[in-house]
Amino acid sequence: MAEQVESSSVAASTADTSSLPPREKPRNMNKLCRQVSIESPGPVVKNCVFNFFVPIEDTPPLGARIKIVYAGACFRRRDRSASITSMSSVSSDLSDYCPTLPAQSSPAHQMRENPTHQGIREGSIYAGYEVAGVIESLGSDITDANNYGLRIGQRVVVYPFDEAPAGYAELMVVPDLKYIVPIPDNLPLSVGALLPTGALLAMNAVFKAYEVITEMSKKRPAEEANKKFKILIVGTGGLALWAVRIAAHHFASTGANNYVDVTVASLRDEGFRLATEIENVSVVQWNECLYEPQLIERTKDVCGGPVDVVIDFGTTSRSLHRSMHCLTKGGVVLMSEDIAEKLMPKFSRLSIEYQQEIIPISNGTVEQLHELVQLVANKTIEPIPHSVFPCEQATEVVQKLCNSEIPGRALLKFHDIA
């Protein structure tokens, strides 16, 4: 792995652990596995990828242990008080607002280049949010009556449960089989790894948007009954592309496509090209070089007036502020709950003034993930573009993501299982 650091202290601790008498070994730990750890001292990505060997827990009595084949480069902030300039903001979902790297000679850069600087162990990238693999073992208390139809060697994806361990690892312990979703043989594991976070969050946002519009339609005066609702999806990273594709299917299956118009606000030229490939979706380019009034007016022109619902996958106050100015009175902004937690306090006053609502969207449910797997496996919903990299190239992947050089989603590959 380029820029890889394998510390002597970690290597020594690994050796010491393996040589301990059984009674002195960590409890319920009987195996070591490789783990890729991506640290986040700040926006500088150099020398932040490390390789360790860590003890892995025994298979829980009612759980399973998964051999990870693909893990999506999914950046999620665990410490929500962390700075927005941390690595968690440089995501393949949210890379539309990538922080500018400091100059090589800057004091901040020199500080972070210093190996004595510990940085922030954020665990922003770790197995558990977007994971696909095979079941290596099942717990001792698993029977035919409680195995959810799962078996050793089965191809699966893992729902992002709260206790997922930090760091990409070759093995992952899942405490409860309810978090494990089998995937059909016709669905590639690499595609399966795209679903548990980005696609699932996008699905939940689209479902919520449909609920909001349904409620709005009940309150509309009779003279506006034939007026179409307008939805604006902000961003053309992985999240927004999933949202557009899921919305196209969901609105068609519910008949909502007859009274809903969808527009994508593209934040990058590459995203603009991808968005224009989708039928029945208008696209407006959000060029950050323009003044805000120009961007707001341009968006309203393309949308045919203020919009009713905004699904905003942007990461900045500027994005949300612009979205709210494009929103009609009584409109709703939907955004992921980890971002909403940071931004809602800043915009609560403005939302009251504009008589608008900001609604946080959670990642979705296990049941939705089951449904999503079937929709993608049946080709009802096409997966977004993605690229696979050996886990040894984690450093290069992080650098490319920071520079928005990878379209769609990036995946790290640990094993060669088909």
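Select Leu 372 to begin: with a relative accessibility of 0%, this residue counts as buried (under 20% relative accessible area, with exposed meaning over 50% and partly exposed in between, for a 1.4 Å probe and protein chains only). The model is predicted, so local features need pLDDT of at least 70 and side-chain atom pairs count only at pLDDT 80 or more, while totals for chains, interfaces and linings use all residues. Residues are numbered from 1 along each chain as its sequence is written, and side-chain values use heavy atoms, with hydrogens and water left out.

**Leu 372 and its surroundings**

Leu 372 lies in helix H10; helices (H or I, at least four residues) and strands (E, at least two) are DSSP runs, numbered from the N terminus. Display next its contacts, defined by heavy atoms within 4.5 Å. Setting aside neighbours within four places in sequence, Leu 372 is in contact with Leu 195, Ala 199, Leu 200, Met 203 and Ile 246. A distance drawn from the C-alpha of Leu 372 to that of Met 203 gives 8.1 Å, although the two are 169 residues apart in sequence.

**Helices H4 and H10**

Now select residues 195-219, helix H4, together with residues 366-377, helix H10. Their axes come within 10 Å and cross at roughly 100°; axes are lines fitted to C-alpha atoms, for helices over the stretch in contact, and angles run from 0 to 180 degrees between N-to-C directions. H4 and H10 are therefore roughly perpendicular to each other, the class for 65 to 115 degrees, where under 35 is roughly parallel, over 145 roughly antiparallel and the rest oblique. On the H4 side, the contact is made by Leu 195, Pro 196, Ala 199, Leu 200, Met 203, Asn 204 and Phe 207. On the H10 side, the residues are Gln 368, Leu 369, Glu 371, Leu 372, Val 373, Leu 375 and Val 376. The residues of this contact divide into eleven nonpolar, two polar and one charged (Ala, Val, Leu, Ile, Met, Phe, Trp, Tyr, Cys and Pro count as nonpolar, Asp, Glu, Lys and Arg as charged, and the others, Gly among them, as polar).

Within H10, select Gln 368, which counts as buried at 12% relative accessibility. Beyond its neighbours within four places in sequence, Gln 368 is in contact with Leu 200, Met 203, Asn 204 and Phe 207.

**The nonpolar cores**

Move to Leu 195, whose contacts, neighbours within four places in sequence aside, are Leu 187, Leu 200, Trp 242, Leu 369, Leu 372, Val 373 and Val 376. In the largest nonpolar core, of 88 residues, Leu 195 is among those touching the most other members, together with Ile 66, Ile 231 and Trp 242. Such a core is a set of buried Ala, Val, Leu, Ile, Met, Phe, Trp, Tyr and Cys residues joined through side-chain atoms within 4.5 Å. H4 supplies the largest share of this core, 13 residues. A second, separate core of 23 residues includes Leu 232, Leu 267, Cys 303 and Ala 340.

**Two further stops**

Select Ala 256, in the loop between helix H5 (238-254) and strand S10 (260-266). Ala 256 is buried, with a relative accessible area of 1%. Its C-alpha is separated by 9.1 Å from that of Thr 214, 42 residues apart along the chain.

Finally, select Ser 351 in helix H9 (residues 337-354). Ser 351 is buried at a relative accessible area of 10% and, not counting residues up to four places away in sequence, touches Met 324 and Gln 356.
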